[in-house]
Amino acid sequence: MIAADLATPPGIVLPWDSEFFGFRIGRLKSQRLTGMSLSSALAWANAERLRCAYFFADAECPATLALAHEGGFKFIDVRMELALAKGQMPALPPPTAFRLAVAQDLPAIAALARTAHQDTRFFKDCNFPAAKAAEMYAAWIHRDFRLHRIFVAPGTHTDIAGYITCQHDKTMNIGQIGLIAVAATQRRQGLGRGLLAGALQWFRDSGCDAVRVITQASNVAAQRAYQSLGFRTAETCATFHRWFQST
């Protein structure tokens, strides 16, 4: 049974996460579990010598949630994906001096990233060192600068008051918002909404059919910002992490 399961593995190893954190990390493919698929997943994780496995579970399946708990998976948060169709994108002005980031901006953007995403699952799971989780978001910024687009807005008391990272998936013609952050001294001034407005204009100009973004159920402020611009919940799932002993 195990050999057959490994021939069609129930998960994938995540190279970027593994390399960054310095131990092997994987993700289960399915959002549902049965007793047999749980056994297969654990066998696969052990065969791959994983230290951590992510599981994004169907939150509407009680059997899956119970099996995840029985299998040693730790609940972290509820992952929410919100979507906005092209025809529903509002035409709003971006913040003053909203612009594409340049290489000289990277130190300031990365510094903000280290402190701005502490409501995410990598900080909520104490098995990830907080300092390493902070550096992960700085590394994420450098990756998005190379591969995608980062837009910034300068602030009154800082060179970079906020940023938003954007990706255009041309195979599906969908825009994806990655990270968005506003400096602590610049919050409650509408800058987050302005960054979103500027990003939506870029997606619209790029011809995207829709825009999607992922956030956490615990991040009520982010949900309100997205919903105020017309985003609606497209999918939810319960996020679990399963840790294994080092080998």
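Student: What pLDDT does the protein average?

Tutor: This is a predicted model, where local features need pLDDT of at least 70, side-chain atom pairs count only at pLDDT 80 or more, and totals for chains, interfaces and linings use all residues. Residues are numbered from 1 along each chain as its sequence is written, and side-chain values use heavy atoms, without hydrogens and water. pLDDT is the predictor's confidence in each residue, from 0 to 100. Of the residues, 96% score at least 70, and the protein averages 92.

Student: Over which residues is the pLDDT below 50?

Tutor: Where pLDDT is low, the predicted coordinates should not be read in detail. The stretch in question has 4 contacts (heavy atoms within 4.5 Å) beyond near neighbours in sequence. It covers residues 1–5.

Student: Which strands stand at the edges of the sheet?

Tutor: Strands here are DSSP E runs of at least two residues, numbered from the N terminus, and two pair if DSSP finds at least two bridges between them. The open sheet has 10 strands with mixed pairing, in the order 1-2-3-10-4-9-8-7-6-5. An edge strand has a single partner, so one side is left without a neighbour in the sheet. The edges are strand 1 (11–13) and strand 5 (99–100).

Student: How many residues of strand 7 are buried?

Tutor: Buried means under 20% relative accessible area, with a 1.4 Å probe and protein chains only. Strand 7 spans residues 162–169 and is mostly covered. The buried count is 6 of its 8 residues.

Student: How many bridges join strand 7 to strand 8?

Tutor: The two run antiparallel. One bridge pairs His168 with Gly175 of strand 8. The count is 7 bridges.

Definitions and conventions:
Buried means under 20% relative accessible area, exposed over 50%, partly exposed in between (1.4 Å probe, protein chains only). Helices (H or I, at least four residues) and strands (E, at least two) are DSSP runs, numbered from the N terminus.
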